[in-house]
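Me: I am in my first year and would like a close look at a single part of this protein, set within the rest of the model. Please go slowly and connect the pieces as you go.

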Amino acid sequence: MSNEIADQSDPTSTSTFATAEHFAFVAARSPQAQEALETLEGLYPSKSPADADVIIALGGDGFMLQTIHKFMAGGKPIYGMNRGSVRFLMNEYKEDGLLERLSSVQSVRFVPLRLKSFGLDGTESEALAINEVSLLRETRQASKIRILIDGVERMAEMICDGVLVATPA
């Protein structure tokens, strides 16, 4: 499974964003993001995320990560506009020229981290993550953890309270 986000650092590159006709706007709860949502929905026709070609996230980096996680199973491209404070993942917010900007963005594809865990009772759990996977013990005893990444054993046994595996920056 891979997903696509937009990066405007290369205005000469094109992607599936260029062919988008239907947009879904989603916004963080902050007043700034909600105001942007109202403005953009007034300027551009919008659809539900299920019926859209592109999902446009309005908020900060945390909201972008939430949006990616929420919609990654659908495989739709996500374009983020900053209405937060950090803006590491987000593009600059502009009300005008949305279609032109979408037609010239660089597409960035990524594959989420897949966590597969096995409990002492034989249960198996699986989850997808964007930035990192954390695993914490749920008993008073330390955990015995074995780490495999892409099928390669990276650590045969680690006895600890938990572990954090993160994507490279």
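In which strand is the place of Ala 127?

Reply: Ala 127 has its place in strand S7, which covers residues 124–129. Before looking closer, please keep in mind that this is a predicted model, so every statement below describes a prediction.

Let us stay with this residue for a moment. Ala 127 has a relative accessible area of 38%, which lies between the 20% under which a residue is buried and the 50% over which a residue is exposed, and therefore Ala 127 is partly exposed. When its neighbours within four places in sequence are left aside, Ala 127 is in contact with Leu 113, Arg 114 and Leu 115. Of these contacts, the one with Arg 114 can also be followed through the backbone: the two residues are 13 apart along the chain, and their C-alpha atoms are separated by 5.8 Å.

The stretch that Ala 127 touches leads on to the largest pocket. Strand S6 spans residues 113–118, and S6, together with strand S8 (132–136), strand S9 (143–149) and strand S11 (162–166), supplies at least two residues each to the lining of this pocket. The space in the largest pocket comes to about 1300 Å³. Its lining has 30 residues, and those closest to the centre are Lys 116, Ser 117, Leu 135, Ile 145 and Arg 146. The strand that gives the most to the lining is S9, with 7 residues.

Arg 146 deserves a second look, as it lies in strand S9 and is among the residues closest to the pocket centre. Leaving aside neighbours within four places in sequence, Arg 146 is in contact with Glu 153, Met 155 and Ala 156. Its C-alpha atom is separated by 9.0 Å from that of Ile 159, a residue 13 places away along the chain. Between S9 and strand S10 (152–160) there is a loop, and Asp 150 is found in it. Asp 150 has a relative accessible area of 77%, and with exposed meaning over 50%, this residue is therefore exposed. The backbone of Asp 150 has a phi near 55°, a positive value in a residue other than glycine. As background, most residues other than glycine have a negative phi.

To place these strands within the chain, it helps to read the order of the elements. The protein chain has 3 helices and 11 strands, and from the N terminus on they run β-β-α-β-α-β-α-β-β-β-β-β-β-β. Of the 169 residues in the chain, 36% are buried. Among contacts with a separation of 6 or more, 59% join residues 24 or more positions apart.

The largest nonpolar core can now be set beside the pocket. This core has 34 residues, and those with the most contacts inside it are Phe 25, Ile 56, Leu 58, Tyr 79, Met 81 and Leu 98. At least two core residues come from each of strand S2 (23–27), helix H1 (31–43), strand S3 (54–59), helix H2 (61–71), strand S4 (78–82) and helix H3 (98–103). In soluble globular proteins, nonpolar side chains tend to be buried together.

By the pairing rule, the model has 1 aromatic pair. The ring centres of Phe 23 and Phe 25 are 6.4 Å apart and the planes stand at 45°, so this pair counts as tilted. Both Phe 23 and Phe 25 are buried.

Two further residues show the contrast between buried and partly exposed places. Thr 67 has its place in helix H2, and its relative accessibility of 3% is under 20%, so Thr 67 counts as buried. Beyond its neighbours within four places in sequence, Thr 67 is in contact with Val 26, Ile 55, Ala 57 and Ile 78. Ser 30, by comparison, is found in the loop between S2 and H1, and its relative accessibility of 27% makes this residue partly exposed. The C-alpha atom of Ser 30 is separated by 7.7 Å from that of Gly 59, although the two are 29 residues apart along the chain.

Finally, a word on confidence. The mean pLDDT of the chain is 83, and 89% of its residues reach 70 or more. Confidence is highest in H1, at 96, and lowest in strand S1 (residues 3–7), at a mean of 49. Over residues 7–14 the pLDDT is below 50, and beyond near neighbours in sequence this stretch has 18 contacts in the model. Where pLDDT is low, the predicted coordinates should not be read in detail.

Notes. Residues are numbered from 1 along each chain as its sequence is written. This is a predicted model: local features need pLDDT of at least 70, side-chain atom pairs count only at pLDDT 80 or more; totals for chains, interfaces and linings use all residues. Side-chain values use heavy atoms; hydrogens and water are left out. A nonpolar core is a set of buried Ala, Val, Leu, Ile, Met, Phe, Trp, Tyr and Cys residues joined through side-chain atoms within 4.5 Å. Buried means under 20% relative accessible area, exposed over 50%, partly exposed in between (1.4 Å probe, protein chains only). Helices (H or I, at least four residues) and strands (E, at least two) are DSSP runs, numbered from the N terminus. pLDDT is the predictor's confidence in each residue, from 0 to 100. Contact means heavy atoms within 4.5 Å. Rings of Phe, Tyr and Trp (its six-membered ring) pair if their centres lie within 6.5 Å; planes under 30 degrees apart count as stacked, over 60 as edge-to-face and the rest as tilted. On a 1 Å grid over the protein atoms alone, a cavity is a set of points where a 1.4 Å probe fits but cannot get out, and a pocket is an open set with protein on both sides within 12 Å along at least five of seven lines; lining residues have an atom within 4 Å of a point. Grid points are joined across faces, edges and corners, and a volume is the space filled by probe spheres set on the points.
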